[in-house]
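User: Please take a close look at one part of this model for me, and then follow the contacts outward from there. I work at the bench, so spell out the cut-offs as you go.

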Amino acid sequence: MFTGLITDVGTLLNVEARGGLNRLKIASHYPADSLVLGASVAHNGVCMTLVGFGAQADGSSWHEVDAAAETLAVTTAGEWRAGDRINLERALRLGDELGGHMVSGHVDGVATIRSRNDFDGMAHFEIEAPKALAKFIAEKGSVALDGTSLTVNKVSGTVFTILLIPHTLDQTNFGGRKAGDKINIEVDTMARYAARLAEVAAE
């Protein structure tokens, strides 16, 4: 499980196709001695397993993960290229502060940034969600976009808006996001359960 609070922004160093999966190598600021083989790390909201890691000369680290066929099909991972900035979050540990909302790392689909308006160091984004996911997005509710826990401002059909403060723009890859970009979306688990309960009650 994750909280949607990004702990580092890594840089994709290499993408190696291996049959039905891609082996991804990412540089980060995580100390190499804090990484563990088999550990879960969210990459732009996608939970992936560390299959290799090591130290870099500057004291930072690199790690490798495998993006399987299903991940490549339903997330943006298949479009990632060397040089891309990747939002990273390590798995929640018992006792850690839950400052965002509960995020599973199981991306539901891909959304599209329709517009971006910058002002006073902040940025207002208009996001187009996949039609099947729109019913789970509510005003003042939570949504994870590229793994970042964000609050929904307004909703109109399949389109919703978010406002990012300077800190979020600086500490995630959203600072470089623009209209037309594709981003991973995971809807709030509580919203999903609420919608299902409503469906059952109406039957």
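Analyst: Happy to! Strands here are DSSP runs of E with at least two residues, helices are runs of H or I with at least four, and both are numbered from the N terminus. By that rule, threonine 112 belongs to strand 7, which covers residues 109–119. Before going further, please keep in mind that this is a predicted model, in which local features need pLDDT of at least 70 and side-chain atom pairs count only at pLDDT 80 or more, while totals for chains, interfaces and linings use all residues. Residues are numbered from 1 along each chain as its sequence is written, and side-chain values use heavy atoms, with hydrogens and water left out.

Let's stay with threonine 112 for a moment. Is it buried or exposed? Its relative accessibility is 19%, so it counts as buried; the classes are buried under 20% relative accessible area, exposed over 50% and partly exposed in between, using a 1.4 Å probe and protein chains only. Setting aside neighbours within four places in sequence, threonine 112 is in contact (heavy atoms within 4.5 Å) with Glu126, Ile127, Glu128, Gly180, Asp181 and Lys182. Two of those partners, Glu126 and Asp181, make good next stops.

Glutamate 126 pairs with arginine 114 in a salt bridge, at 3.6 Å from N to O. The term means a side-chain nitrogen of Lys or Arg within 4 Å of a carboxyl oxygen of Asp or Glu. This pair links distant parts of the chain, with glutamate 126 in strand 8 and arginine 114 in strand 7, 12 residues apart. Glutamate 126 has 25% relative accessibility and so is partly exposed; arginine 114, with a relative accessible area of 45%, is partly exposed as well.

Aspartate 181 has a salt bridge of its own, with arginine 177, where the closest N and O atoms are 3.7 Å apart. Shared partners join Asp146, Arg177, Lys178 and Asp181 into one salt-bridge network. Aspartate 181 counts as buried because its relative accessibility is 13%, and arginine 177 is buried at 17%.

Arginine 177 also leads us to phenylalanine 125, since the two are in contact. Phenylalanine 125 lies in strand 8, and its relative accessible area is 0%, so it is buried. Beyond its neighbours within four places in sequence, its contacts include Ile113, Ser115, Arg116, Phe160, Leu169 and Phe174. Asparagine 153 is 28 residues from phenylalanine 125 in sequence, with 10.0 Å between their C-alpha atoms.

How many aromatic pairs does the structure hold? There is one. To pair, rings of Phe, Tyr and Trp (its six-membered ring) need centres within 6.5 Å; planes under 30 degrees apart are stacked, over 60 edge-to-face, and the rest tilted. In this pair, the rings of phenylalanine 125 and phenylalanine 174 have centres 5.8 Å apart and planes at 80 degrees, so they are edge-to-face. The two are 49 residues apart, phenylalanine 125 being in strand 8 (residues 122–128) and phenylalanine 174 in the loop between helix 2 (166–171) and strand 13 (182–187). Both phenylalanine 125 and phenylalanine 174 are buried.

For some wider context, a search of the whole structure finds nine salt bridges. One of them joins arginine 23 and glutamate 64, at 3.5 Å from N to O. Arginine 23 is in strand 2 (residues 21–28) and glutamate 64 in strand 5 (residues 61–67), so this pair ties together parts 41 residues apart in sequence. Arginine 23 and glutamate 64 are both buried.

Charges also sit over rings, meaning that NZ of Lys or CZ of Arg is within 6 Å of the ring centre and within 35 degrees of the ring normal. Lysine 25 lies over the face of tryptophan 62, at 4.6 Å from the ring centre, and arginine 90 lies over the face of tyrosine 30, at 5.0 Å.
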